[in-house]
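This report goes through the chains one by one, with a closer look at selected parts. Please have the structure open while reading.

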Amino acid sequence: MVPAQWYLMLSAAIFCIGLFGILTRRNALLFLMSVELMLNAANVNFIAFSLQWGNVTGQTFALFTMALAAAEVAIGIGIILVLYRNFRDTDVTKATTMRW
Amino acid sequence: MIIEALIAYTFVAALATFLAPDERAGQVAFLLSLVPVVGSLYMWGQYDATGNALLGGDLAFETTIEWLRVAGYTLSWHVGVDGISMPLIVLTTVLTTLSIVSAWTPITDRASQFYGLMLFMEANLLGVFTALDFFLWFVFWEAVLVPMYFLIGVWGGPRRKYAAIKFFVYTNVASLVMFIGFIALVFGLGDSVSSLSLPEIAQALRQEGTLGQFGALTPEALRAVAFAAMFFGFGVKVPIVPVHTWLPDAHVEAPTPVSVMLAGVLLKMGTYALLRFNFTMLPDVAQTYAVPIAAIAVISVIYGAFLAMAQQDLKRIVAYSSVSSMGYVILGLIAYTEYGVGGATFQMVAHGLISGLLFMTVGVIYNATHTRMVGDMSGLADRMPITSGILVAGAFGYMGLPLMAGFAAEFFIFVGSFESAVLPFAPVFTAAAMFGIVIVAGYFLFAMQRTLFGPFRLETDYEITSAPVHDTLPLAVLLLCIIALGVAPELFFGMITDAVTPILNAGGGF
Amino acid sequence: MAGAFDYTPAIVLLPFLSFLLALGVGRSMPKGGALAGIAATGGSLLLSVWAMLAVANGGTYNQTIYTWAAGTGNSFELTFGLLVDPLAAMMLVIVSLIAFLVHVFSLGYMNDEGETGLPRYYAGLGLFTASMLGFVVANNLLMAFMFFELVGLCSWLLIGFWFREEAPPSAAKKAFLVTRFGDYFFLVGVVAVFATFGTAAFAGEGSFPALAEAALAGEAATEINTFGFAPQTWFTVVGLLVLGGVVGKSAQFPLHTWLPDAMEGPTPVSALIHAATMVAAGVYLVARMYGFYALSPTALGIIAFVGGFTALFAATMGVVKREIKQVLAYSTISQYGYMMLALGAGGYIAATFHLMTHAFFKALLFLGAGSVIIAMHHNENMWDMGGLKERMPVTYWTFLAGSLALAGIFPFSGFWSKDEVLYEALAHGLGGTPLLLAAWAMGLLAVFFTGFYTFRMVFLTFHGEPRTDVARDPHGVGWNVKAPLTVLGVLAVVAGFVNMVPVAKLTGAHIEFLHDWLAHGLGGLTSEHYGELTGQFAGYETGYVGSELTTVLLSGALSLGLALAGAGLAYKLYNVPAPVEHTDRLGSVKTLLFNNYYQDEYQVWLADTAARNVARGADKFDQGVIDGVVNGISSVSLFSGSRVRRIQTGVVSNYAALLTLGLVALLLGIGLMGGWFL
Amino acid sequence: MTDGPDAGSNLLPGLAAVGLFLVMVLAFAGASFPAPQGFGGDANVTASIGYAMFDIGNLGDVGAEGFLAAFLIVAIVLDVAIDGAVFLAKREEGGSVVTALTDGGRDLLDRSREGPNAPRSERGRDAPRREGGDE
């Protein structure tokens, strides 16, 4: 079987891609997608360690993560909608009202 | 259960007042606040405690309900009353009601919120003076700050934001320091205590050998450090020189009824806590550092009095003289004699009433004249004879006129501290502090001469007439209380000394 | 006769009741509460006379009636109690009599003149009387102090009665402040007495004079804490502290400055203050605890010297004053100086005697001056008067009687008492205490000045030609003015006969009634006991010039001669149809005297300028340094906050980048520490 | 919409992500794990997950903990999320509630055609108000 390190590296790669997206993009929708990537990186880890320890807890958690990701997207889209309505844009760098 | 009922009732009353319509809120709050007055007077009538609450005395109206256990310490709802807290409870309820009435004239904006906050503060103050579990006590202690912050910050004068924030930050930082000091002490006690109950901690601290090492601190050092931390923390509240500067700002900016509560009750929280924590739990440290503490007390008295003399604003005069009067309390506490500590406790009540009276009177004058500056007016006694008469009486009360509460308190303190066996050079310290009564007479007489007497002069475009009855009535009630306590100090002094004596009897810890 | 003493509290409470009535419902009472006051003081007078009769029959009363603060029993109690002995009984009668007469006189001076604020006035008078009576019957030092302070409050209220003007409130403030300064020492003294003896009772076995005496005699010094001093030294210190209050209230040098200013009050009030209440309180206090002072020769010496000096000092200032009440004010200071001299010289009876006669003739003089002031439409300047003799005969003759008594002319009351004061000082001075001789000399010299200023006043006011239109046609006065004057006039003439020591010595007749009166009473409070104490502890011996008789006669003749010389000089200078001011002949001394030796100036400077500068300095320090530090701390945090918040851009990406960088740094740190990277 | 021309200038923060990746790779490279245990050849993993999710005894072939509470909570969260999404998408115009769902998003589409540079004055009540903070 594949050693756990490789799964971890895969997960890290996906996570960092997602993170890269968050750090460099300004469109809120792309943000949402990047967050999905990062969540799925976590899922990879869950699955990998589920196999590693012979226990389905990790897999169950991955399922939960997906469900929560759905919830997050639902809310996220709603927020983006409001963001757009308030700022006429989905550029996250424009919405800076709440600083200070 | 009456304590719980009283506190719960006051919280509910606060809520009800919040919901009352603005134009009726004053009357509603007044009527609601009469219940705690009656309740506290009933408690006074039924009072049957003996001894000190923290040192194993027999408490009145005590209840203990275990609440939860955190990290090996039991937190409980533990309340009770002894001879030190009983007078302060009566003071709190009476003063709250009177200051609510005195707010009828000046408070026109957001009235229901104002009165609601006043009652909310009263509930927390009652909690502070009855709670015997540190956690519970601390919750009440901190919760008092919240309504006070809003009361100053929303209804205050032009610089209210500065004053409110200064007050809040100052006292909150002080609470933090005090909290750290006390908790270090509790941790230092280790297994000797299993709860945050103040009596348990106090009795453990007064026993030999219970206090262990805490971090790098030896038991002796821990005692000293904790004492210093708590002294600072409570000293800010008192306030003592040099951590007093929040007080004049808060007083000047606060509306009259809030000043009354601030000077009348909130300052007493500091002295009450000093007595309960520093001077009851760590008497050995207090006695070791008697000279510096007495020096702080004397400096507070004299320096505060001179500061009051330099002021032109009547409210600032009273505010600084509060610093002066609170110095007497510290002097009485450090004396460790029956009359000293008892007189200090008595002074808490006496000063609460007298400074409340003076702030209220200044407020009534301000309602009529819209100025508090000594130089802006003269001959006010011509137009407002009753208010002026009461101001005169209050000022003489502050100067320590015999047969008024202030004299009784100050005399007890002086007698007590003069004969103190704990304080080296006690007569010298006492005599120095007593010179405050000359300075206080000086500035009050000067201020009264300029504002009340001489030919009438004040530039207004309306006629100044006598104050309305609901403004002067609270003044009269307070004046009567002051005279009653001055003629018959035994009303409170007996129970106070009864509760104070166990503090003086040194335990095995020294 | 216990019945009389059962009513003693009523002596105090009746005027207090009139105070409450006048304050509460005075507006709707006839005469603004005056009648209630007259009734109350009249009742007090009757009860006082009853009490005095009871004392005359050998009864005394020393009872605690109220526990003010009990404590828990581990410490001393603070109580109120009554002490009626010959001294107190005598003083009760004097105070209530004069208060009664002043109330009656006020009907003429205040009501008939249409003053406003009468309820306040009568309330003040009632409280004043009540406080003084309470002070007189106090059986311990604490109670005495409390009523002493109340007396001060009342003087403030009444001196500042005309509060709508500038001067009276200022004078009232000064009176209260100066006496408060003295009372500060008194209060320290009271506290010290409690701390030392654990009691402040005046009389009885456990009283503090008795305890002090026992301690000095080395008998059973039970728990007397003298704070590390020798008992004698400590008792002197305590005695001098209490004396501070006496010096303030009895207007002794250097705290006498308030008294001339206090003339701003209504004249009947001045009469009350000077004759029977406030100023008398100080001397009475020393007499009351004389058993304590008698133990300390230093304290006695200081009392005597201060008294003698004040007597002379004030008399010289009285010589140049223009207002009739100012002259009387300085004469009061001077006369109380005599009483202090007597007390310091061991002449307990002489002091009490002079206290009594002075009360009568000084009340008379003030009320007479009040009558003149009514007549002169409230002009007090003597240079505007003259020739009032024919126009107001009752006032003139009574005023003359009072003046003769004040000047100490035989056989008016003042002669007998002043003579005895000087005799005591001389006798004890010759007996080996030379300091007393110096005090005696000053007192003797003051007799001359007293005679001079008294008769200058009489001649300027009543003799010669009227110098103004008002004086030509003065305002008439009613019965309510004349009646008190007559009563006091008679008393001023005859009061001295109760104690004619020289006559007694000459004829051998037993007529020293006051000696007998004060010699009985409660044990430890008798004049005989005091005589023993001064002899034993202060070393007072009596010495004579030749024999006792020659000394008595010599002393009397000397003082009478000097008084007559002073009066004669006044007669020569001022009893002319149109007197002129002779003060210019004094040159620069005149300026000095007019300015009262610049005593006011330095005290005002101390109380006002100096204190205010200290206060201002403290305020600057407070605002600048202490609050500056506080604001400095807050501005540091505000400043750093305003810098740090700039990383709070509101841009999500930036936060995420910061988070990421933080995570990288954390991982690197932990990894390096944990050796993950090999 | 955005992510237009200036996206390239935002690349710099991306380096942080790359850095994180490098650190993690470094760490993982040095780590060693025991051989994975696996589930055993014929174990019914799906059924086990089902049992674990509903917390029905220990019936599964593969070990797991009970997740009933978590399951229910997630269910509620999902529900809340739906409600929240609907709430957020709602807006009030002239007092009547207009949901994004009822117009099929046409309004959004219309506005997006106007582009981001539509005059600010048309923003109406949604215009952000920047409050002056307390300094």
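Which residue follows α15(C), and what is its phi? The residue is Gly346(C), and its phi is positive, near 85 degrees. The model described here is predicted.

## Helix α15 of chain C

Helix α15 of chain C covers residues 324-344, which is 21 residues. From first C-alpha to last it reaches 30 Å, close to the 30 Å expected at 1.5 Å a residue. Buried means under 20% relative accessible area. By that criterion 21 of the 21 residues of α15(C) are buried, so the helix is largely enclosed by the rest of the structure.

## Contacts between chains

There are 5 pairs of chains that touch, and among them chains B and C have the most contacts. Chain A and chain B are not joined by any contact. The closest C-alpha atoms of chain A and chain B lie 18 Å apart.

## Chain B

Chain B contains 21 helices and 2 strands. Its C-alpha trace spans about 70 × 55 × 40 Å along the principal axes. The radius of gyration of chain B is 22 Å, which agrees with the value near 24 Å for a compact globule of 510 residues. Of the 510 residues in chain B, 69% are buried. Among contacts in chain B with a separation of 6 or more, 80% are between residues 24 or more positions apart.

The exposed area of chain B is about 14900 Å², with 67% of it supplied by carbon and sulfur atoms. Chain B has 18 positive and 31 negative charges, and the mean positions of the two sets are 11 Å apart.

## Asn278 of chain B

Asn278(B) sits in helix α11 of chain B, residues 256-281. Its relative accessibility is 0%, so Asn278(B) counts as buried. Beyond its neighbours within four places in sequence, Asn278(B) is in contact with Phe227(B), Met230(B), Phe231(B), Phe234(B), Ala273(B) and Pro283(B).

## Chain A

Chain A has 3 helices and 0 strands, in the order α-α-α along the sequence. Its radius of gyration is 17 Å, well over the 13 Å that the globule rule gives for 100 residues, so chain A is more spread out than a compact globule. The C-alpha atoms of chain A fill a box of roughly 50 × 25 × 25 Å along the principal axes.

Buried residues are 53% of the 100 in chain A. For contacts in chain A with a separation of 6 or more, residues 24 or more positions apart account for 54%. Chain A exposes about 4300 Å², and carbon and sulfur atoms supply 77% of that area. The 6 positive and 4 negative charges of chain A have mean positions 10 Å apart.

Definitions and conventions:
Residues are numbered from 1 along each chain as its sequence is written. Chains are lettered from A and ligands numbered from 1 in the order in which they are written. This is a predicted model: local features need pLDDT of at least 70, side-chain atom pairs count only at pLDDT 80 or more; totals for chains, interfaces and linings use all residues. Side-chain values use heavy atoms; hydrogens and water are left out. Contact means heavy atoms within 4.5 Å. Helices (H or I, at least four residues) and strands (E, at least two) are DSSP runs, numbered from the N terminus. The radius of gyration is taken over C-alpha atoms; the globule rule is 2.2 Å times the number of residues to the power 0.38. Buried means under 20% relative accessible area, exposed over 50%, partly exposed in between (1.4 Å probe, protein chains only). Accessible areas come from the Shrake-Rupley method with a 1.4 Å probe; for residues, only the protein chains shown count as cover. Lys and Arg count as positive and Asp and Glu as negative; His and the chain ends are not counted. The place of a charge is taken as NZ of Lys, CZ of Arg, CG of Asp or CD of Glu. The expected span of a helix is 1.5 Å times one less than its number of residues.
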